[in-house]
Amino acid sequence: MKDQVIVVGAGIAGLAAAIRLAAAGKQVRVFERAAGPGGKLSDFKLGDYRFDLGPSLFTMPQYVDELFRLAGEDPRDHFNYQRLETVCHYWWPDGTQLAAAADVSQLAENCATAFEVPAERIKAFMQRAEQKYELAGRTFLEKSLHQVDTWLQPSVAKAMFRIPGLDLFRSMHRVHERELGHPKLVQLFDRFATYNGSNPYKAPGLLSMIPHFEHHFGAYLPKGGMVEISQSLYQLGQRLGVSYHFNTEVAEIERTAQRVTGVRLNDGSRHRAEEVICNMDVFLAYDRLLPGAKQPKRTLRQQKSTSAIVFYWGVQRSFSKLGLHNIIFSDDYQTEFAEMEAGRMSNDPTVYINVTSKLEAADAPAGCENWFVMVNAPADTGQDWENLKRLTRQRVLDKLAPLGLAPTEKEIVEERILGPTEIERLTGSHQGALYGTSSNGKFAAFLRHPNFSRRIKGLYFLGGSVHPGGGIPLCLLSAKITGEIMMGSGNVRVPE
């Protein structure tokens with residue numbers, strides 16, 4: 001039993017952790033309540049249209065490639081992706097448009113043309129974003145913040161010394177106002193707070209490093225769609241001998257004298273292991289899988305991240321103005337976020353449209369498009385979501401119409417709608433919060449649940465609801481941090 005590990009949940013972090021431990025010689029079993037792997041990184045079809053269920057932006061591909069190399073494989077033999085030359089197409093209500101190039105120099109020129117600001121201003125801002133990432137981002141993202149050894153490392157001490165200049169005590173919005181000036185540019189870069197479900201008017205300015213991920217490391221689309229990330233890692237785990245058990249729900253993580261002993265399944269069967277990794281939302285893990293365990297109440301009551309209302313539309317028409325990623329901004333961003341903070345949907349929401357058929361023709365019939373349309377929403381606290389979904393649908397179409405981007409009702413030939421309640425049911429995200437807790441505070445990173453239990457030996461946590469946070473890159477890093485803690489190898493920097 002010594003070398004046996006059980007992973008609860010086959011989301012992206014659980015898949016990655018299983019690979020790391022199997023490559024190190026552990027016997028790994030993964031129990032997943034769904035019918036297949038991936039969690040939010042799964043897909044489905046509506047008629048002849050294919051849709052990725054959840055995440056639509058792929059950055060930091062080196063974190064995926066590294067898992068294949070750990071297994072002694074060439075990632076290009078099993079998983080491939082294409083780099084985007086244009087990351088996103090932006091629209092504002094007054095008709096202003098911007099095609100945001102991936103290349104920083106070209107992005108600066110695009111912004112200079114659209115907003116009549118000096119290109120050097122954008123370049124300087126992106127340079128500071130890179131500096132923040134190199135000085136402090138690696139500490140906050142690639143290392144455990146809950147182990148003493150982390151704080152004894154010289155690189156961490158250096159990062160802490162530089163904190164006063166890293167905008168930890170200013171909001172992202174204030175930083176962007178100071179460095180970018182133009183209100184549309186400020187709004188454009190404020191939106192990066194939504195990458196971890198946060199509010200740019202509250203999230204610390206250190207997070208203004210996030211654009212560096214897209215415009216330095218690049219933005220990509222996997223061949224075959226986002227689902228290929230989870231599918232390729234699942235298949236890699238199979239080749240390494242990982243045992244997967246789908247349609248199998250864990251009822252309890254069992255323990256004796258504050259030590260893990262294994263898990264009990266819903267069918268009553270017990271499976272023994274000295275180490276258990278939980279890839280379930282940490283709030284629900286304590287609530288459902290750890291009866292009687294002392295809960296870290298301060299951590300669990302942190303403000304939830306945003307959720308979403310998502311419309312999956314099979315559109316019987318092609319829109320040449322749209323790219324793979326598209327954002328149509330609200331007229332008053334601050335009010336939009338204030339409404340969400342109050343638990344309400346905005347009357348004028350920012351709309352995100354992802355159309356994978358632009359690059360993956362097989363995702364829709366010829367001359368048609370598969371639209372993933374997302375509007376940020378507050379976490380579920382009992383709102384009337386059926387009514388809000390209906391209202392939001394009409395508001396989205398009304399917002400798109402003046403820009404020539406709205407399909408007619410007849411052109412929407414397939415449709416599926418998810419709100420926070422469905423997101424919780426399908427993905428196990430408490431209250432439908434896509435990223436667990438928000439980063440709406442300067443100490444939010446420290447208040448996230450650690451990747452291990454302080455009280456139960458042999459119990460570990462990973463995924464978007466624990467350190468370092470939500471989104472594909474951070475979930476993969478949570479698996480890396482957890483694996484290193486379990487193997488006793490310390491914090492190891494990810495290759496460039």
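Q: What makes a contact a salt bridge in this predicted model?
A: A salt bridge is a side-chain nitrogen of Lys or Arg within 4 Å of a carboxyl oxygen of Asp or Glu. The side chains of R76 and D65 meet that rule, with N to O at 2.8 Å.

Q: What should you know about the numbering and the values?
A: Residues are numbered from 1 along each chain as its sequence is written, and side-chain values use heavy atoms, with hydrogens and water left out. As this is a predicted model, local features need pLDDT of at least 70 and side-chain atom pairs count only at pLDDT 80 or more, while totals for chains, interfaces and linings use all residues.

Q: Why is D65 called buried or exposed?
A: Buried means under 20% relative accessible area, exposed over 50%, and partly exposed in between (1.4 Å probe, protein chains only). D65 has 5% relative accessibility, so D65 counts as buried. Its partner R76 has 32%, so R76 counts as partly exposed.

Q: How do you know that D167 and K132 form a salt bridge?
A: Their side chains meet at 2.8 Å, N to O, and the cut-off is 4 Å. D167 is buried because its relative accessible area is 4%, and K132 counts as buried at 5%. Both residues belong to a network of salt bridges, with R128, R170, R178 and E179 also linked in.

Q: Why does R298 count as exposed?
A: Its relative accessibility is 55%, and exposed means over 50%, so R298 counts as exposed.
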